[in-house]
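Hi,

Here is the structure I promised to pass along. Have a look at it first, and my notes on what turned up follow below.

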Amino acid sequence: MRNLIAALVLLAVAAFGVTGCSRTSQTLPATTPPTPDPRQTVLPFTGLEDPHDLAVDAEGTVYVADLHHIKSDKGIGDVTTRVIKLPAGSNTQTVLPQFAHAGLVAGPAGAVWVVDAGNEKLVKLTAGSDTQTVLPLPDLGVRGGVDAIDAAGNAYGINGGGVDSGGGCCVATHVVKSSAGSHAPMVLPFTINVGLAGMAVDAAGNVFVGDGNRVLKLAAGADTQTVLPLTQPRSVVTGVAVDWAGSVYVVDAEQKQVLKLPAGADAPIVLPFTGLKHPVKVAVDAVGNVYLTDVDSHQVLKLPAA
C-alpha cells in the first residue's frame, strides 16, 4: 500500500510540476512506438478492487495483491490486502486466506515471495507445491519496506523519507539491503531524488530501482549507479521488473505505457498494451510473457511473448 500511495503522489508531481528536489532533465533516445497487438488478454481474476503487486512463478501461476475494502460490524471502514492465485490456463482463482495486509515480491528464477508484515515474516511460495519457505522479516530501518528479494533471500527496500522527529524536511531516502531477520541494514550506493517507485534484483545480483522519472541500476559489486535510457522527463515510474535475459521492464504511469529495454540496448521499446488507465506493476515469466496490473480498470493483463 505504501508504494501505491507513493505512486499517486508521483503522478500528482508530474501533473502539476511540483517537487521537493531538483534534478536536471536529460534528452534520451526516442522510444519505438507501439503497434496495436490483438493478443493482449485480460486474465480471469474476479472481484478485483485495486490490484497492485504482481508476481509469476516458474510454472506460470500468477499472483496478485488486491487492496480490499471492508467494513466491521460497527460499520467502520478498513482496507486489507488479499493475495490471489491463478494457475496458468485456469479460470479459477484462489484467495490465500493466511495472508492479510501483505505484499508480493517477485524474485529471480520465478520465485514468489509474500511480504507478510502483519506476522513479521517473508514467505516463499514454491511453484507446484504446498511447501513454503518462511524467513523472519528483516528490519530495514525507519519507514522501511521490502520491495525486492534476491536468490539468497536477502531483502531490499528503502528507509527514510518524510519529516524528521523535529518536524523538519526531509529525511534522506536510502536503498538498503538486509539478510533475513537482520536489524542492521546495509545502505547501497544509490542517490535517490524523489522516492522509490519499483525495484527488482536479477539472478546476478544487479539491482534496479525506479526513482521518479528515472530507472537506476547498481551492478553487482559496483559502487556507482547508472541511469538506464528508459524514460522521458515527464515519465512517472511505478513498477520495475527484469527477466532471465537481463531485459528491464518499466511501468510509466504518466504516459500509460510499459517499456522494455533489452539487454545491451540503448533505447527502449514500447510494449503493445492498449487501453491502459492506471498501470502500476509489471511482471514477466520464464518464457517472456508480460503481465500488468491496471488499478483503474481492476484488471490483470497479459501480453504473450513475441
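Let's start with the charged pairs: there are three salt bridges in the structure. Please keep in mind that this is a predicted model.

One of the salt bridges joins the side chains of Asp 66 and Arg 82, with N to O at 2.7 Å. Asp 66 sits in strand S3 (residues 62-71) and Arg 82 in strand S4 (residues 77-86), so this pair links distant parts of the chain, 16 residues apart. Both Asp 66 and Arg 82 are buried.

Another salt bridge runs between Arg 214 and Asp 211, where the closest N and O atoms are 2.7 Å apart. Arg 214 counts as buried because its relative accessibility is 13%, under the 20% cut-off. Asp 211 is buried too, with a relative accessible area of 1%.

Then there is the salt bridge between the side chains of Arg 234 and Glu 254, at 3.9 Å from N to O. Arg 234 is in the loop between S17 and S18, while Glu 254 is in the loop between S19 and S20, so the salt bridge ties together parts of the chain that lie 20 residues apart in sequence. How covered are these two? Arg 234 is partly exposed at 46% relative accessibility, and Glu 254 is partly exposed at 24%.

Right beside Arg 234 in the sequence you'll find Ser 235, in the loop between strand S17 (226-227) and strand S18 (237-242). Is Ser 235 buried or exposed? Ser 235 is buried, since its relative accessible area is 5%, which is under the 20% limit. Its side chain makes a polar contact with the side chain of Asp 252, at 2.7 Å. Setting aside neighbours within four places in sequence, Ser 235 touches Gly 212, Asn 213, Asp 252, Glu 254 and Gln 255. Glu 254 in that list is also the salt-bridge partner of Arg 234.

Two backbone oddities next. Most residues other than glycine have a negative phi. Lys 256, which is not a glycine, has a positive phi of about 55°. Lys 256 lies in the loop between strand S19 (248-252) and strand S20 (257-261), and is partly exposed, with a relative accessible area of 42%. His 298 also has a positive phi, near 55°. You'll find His 298 in the loop between strand S23 (290-294) and strand S24 (299-303); His 298 is partly exposed as well, with a relative accessible area of 42%.

On to the strands. Which strands make up the open sheet of four? The order is S10-S11-S12-S13, and the pairing is antiparallel. Strand S10 (145-149) and strand S13 (186-187) are at the edges with a single partner strand each, so one side of each has no neighbour in the sheet. S13 is paired with strand S12 (residues 173-178) in the antiparallel sense, over two bridges. Within that pairing, Lys 177 has Met 186 in S13 as its bridge partner.

Further along the chain, strand S14 (residues 196-201) is mostly covered, with six of its six residues buried. S14 pairs with strand S15 (residues 207-211) in the antiparallel sense over four bridges, and Ala 200 stands opposite Phe 208 in S15. S14 and S15 form a hairpin with five residues between them. In the turn, Gly 205 has a positive phi of about 90°.

Now the chain as a whole. Its secondary structure comes to one helix and 24 strands. Of the 306 residues in the protein chain, 48% are buried. Among contacts with a separation of 6 or more, 42% are between residues 24 or more positions apart. The accessible surface is about 13,900 Å², and carbon and sulfur atoms account for 54% of that.

Last, the confidence scores. The protein chain has an average pLDDT of 85, and 83% of the residues score at least 70. Residues 1-28 are another matter: pLDDT is below 50 there, although in the model this stretch has 43 contacts beyond near neighbours in sequence.

Cheers

Note on methods
Residues are numbered from 1 along each chain as its sequence is written. This is a predicted model: local features need pLDDT of at least 70, side-chain atom pairs count only at pLDDT 80 or more; totals for chains, interfaces and linings use all residues. Side-chain values use heavy atoms; hydrogens and water are left out. Buried means under 20% relative accessible area, exposed over 50%, partly exposed in between (1.4 Å probe, protein chains only). A polar contact is a pair of N or O atoms within 3.5 Å; within protein, one must be able to donate a hydrogen and the other to accept it, and residues adjacent in sequence count only if both atoms are side-chain atoms. Contact means heavy atoms within 4.5 Å. pLDDT is the predictor's confidence in each residue, from 0 to 100. Two strands pair if DSSP finds at least two bridges between them. Accessible areas come from the Shrake-Rupley method with a 1.4 Å probe; for residues, only the protein chains shown count as cover. A salt bridge is a side-chain nitrogen of Lys or Arg within 4 Å of a carboxyl oxygen of Asp or Glu.
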